[in-house]
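Please look through the sequence and the structure below before reading on. The paragraphs that follow start from a single contact and move from there to the wider fold.

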Amino acid sequence: MTRELTTLFAERAGDYRAGVHHCAPAELPDLLATLLAGASGVVLPAGVPPDWTTRLGPPTLAGDTLTAGQLDAPGLAVLTGCALAVAETGTLVLDGGAAQGRRLLTLIPDHHVCVVRAAQIVADVPDLVRALPDPTRPLTLISGPSATSDIELSRVEGVHGPRRLDIVCLPPAG
């Protein structure tokens with residue numbers, strides 16, 4: 001079932017124009033380095049596993065102390081994990097826990113890269129509610145890069161969040 005959920009999640013996230021990438025855990029540092037190579041800097045929330053960052057080229061910045069103005073610097077990217085992800089909707093769920101940081105980190109930089117483990121993917125929203133580690137934490141739900149449309153339905157990306165969202169899906173363990 002986990003492989004099917006991962007496939008559905010990737011498909012639905014792709015429908016929202018997110019870049020979706022699959023890799024084995026051993027390949028993760030190289031893939032992250034490739035995805036973040038053009039960034040002027042990479043913001044890291046507390047709790048990002050050190051092995052994710054071993055190949056990063058741009059300078060890394062601790063996300064805990066950066067202001068909104070600093071996070072709006074040209075070319076800045078953020079690398080996070082997630083609490084859960086919803087297959088049916090292609091939605092990332094962040095609750096500010098380890099490797100996710102405060103909400104501001106994922107709303108201001110132009111590029112967000114999020115790592116999702118297959119075990120974090122649930123089927124639908126009711127499963128999400130049941131699986132929340134702490135339902136009292138504030139949630140950020142992300143379905144693709146930020147986008148809005150004007151009255152003529154011209155799509156504009158990046159108005160209320162990142163213009164670019166890349167999701168890295170790690171396979172089920174074993």
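With which side chain does the side chain of Ser-143 make a polar contact? In this predicted model, the partner is the side chain of Thr-91, at 2.6 Å. Ser-143 belongs to the loop that runs between β9 and β10 (147-149), and with a relative accessible area of 29% it counts as partly exposed. Leaving aside residues up to four places away in sequence, Ser-143 touches Tyr-16, Thr-89, Gly-90 and Thr-91. The contact with Tyr-16 bridges a long stretch of chain, since Ser-143 and Tyr-16 are 127 residues apart in sequence but 6.5 Å apart in space, C-alpha to C-alpha.

The strands on either side of this contact can be taken next. Strand β6, which covers residues 91-94, is joined to β9 by 3 bridges, and the two run antiparallel; within this pairing, Leu-94 has Thr-140 of β9 as its bridge partner. Both strands belong to an open sheet of 4 strands, ordered β8-β5-β6-β9, in which the pairing is mixed. β8 (121-122) and β9 (140-142) stand at the edges and have a single partner strand each, so one side of each is left without a neighbour in the sheet. As a general matter, strands of a sheet pair through backbone hydrogen bonds, either parallel or antiparallel.

From the sheet we can turn to the N-terminal helix. Helix α1 spans residues 2-15, 14 residues in total, and reaches 20 Å from its first C-alpha to its last, close to the 20 Å expected at 1.5 Å a residue. Which residues of α1 are buried? They are Leu-5, Thr-6, Phe-9, Ala-10 and Ala-13, and because they cover an arc of only 130 degrees around the axis, they lie on the same side of α1. An α-helix has 3.6 residues a turn, so residues three or four places apart point the same way. The other side of α1 carries Arg-3 and Asp-15, which are exposed. The buried residues of the helix pack against β1 (19-22), β5 (84-86), β6, β7, β8 and β12, and after the helix comes Arg-17, whose phi is positive, near 75 degrees.

Among the strands that α1 packs against, β7 deserves a closer look. Of its 7 residues, 6 are buried, so β7 is largely enclosed by the rest of the structure. It is joined to β4 by 4 bridges, running parallel, and to β12 by 7 bridges, again running parallel. Individual pairs can be picked out along these strands: Leu-79 stands opposite Val-113 in β7, while Val-115 has Val-168 of β12 as its bridge partner.

These residues lead into the interior. The largest nonpolar core has 19 residues, of which Leu-28, Leu-32, Leu-79, Val-115 and Val-168 touch the most other members. At least two residues of this core are supplied by each of α2 (28-35), β2 (41-44), β4 (76-80), β7 (111-117) and β12 (164-170), and the largest share, 4 residues, comes from α2. Apart from this core lies another, of 16 residues, including Ala-18, Cys-82, Leu-92 and Ile-121. Val-115 itself, not counting residues up to four places away in sequence, touches Leu-28, Leu-32, Trp-52, Leu-79, Thr-80, Gly-81, Cys-82, Gln-120, Val-168 and Leu-170.

Technical notes
Residues are numbered from 1 along each chain as its sequence is written. This is a predicted model: local features need pLDDT of at least 70, side-chain atom pairs count only at pLDDT 80 or more; totals for chains, interfaces and linings use all residues. Side-chain values use heavy atoms; hydrogens and water are left out. Two strands pair if DSSP finds at least two bridges between them. A nonpolar core is a set of buried Ala, Val, Leu, Ile, Met, Phe, Trp, Tyr and Cys residues joined through side-chain atoms within 4.5 Å. Buried means under 20% relative accessible area, exposed over 50%, partly exposed in between (1.4 Å probe, protein chains only). Contact means heavy atoms within 4.5 Å. The expected span of a helix is 1.5 Å times one less than its number of residues. The arc is that of the directions from the helix axis to the C-beta atoms. A polar contact is a pair of N or O atoms within 3.5 Å; within protein, one must be able to donate a hydrogen and the other to accept it, and residues adjacent in sequence count only if both atoms are side-chain atoms.
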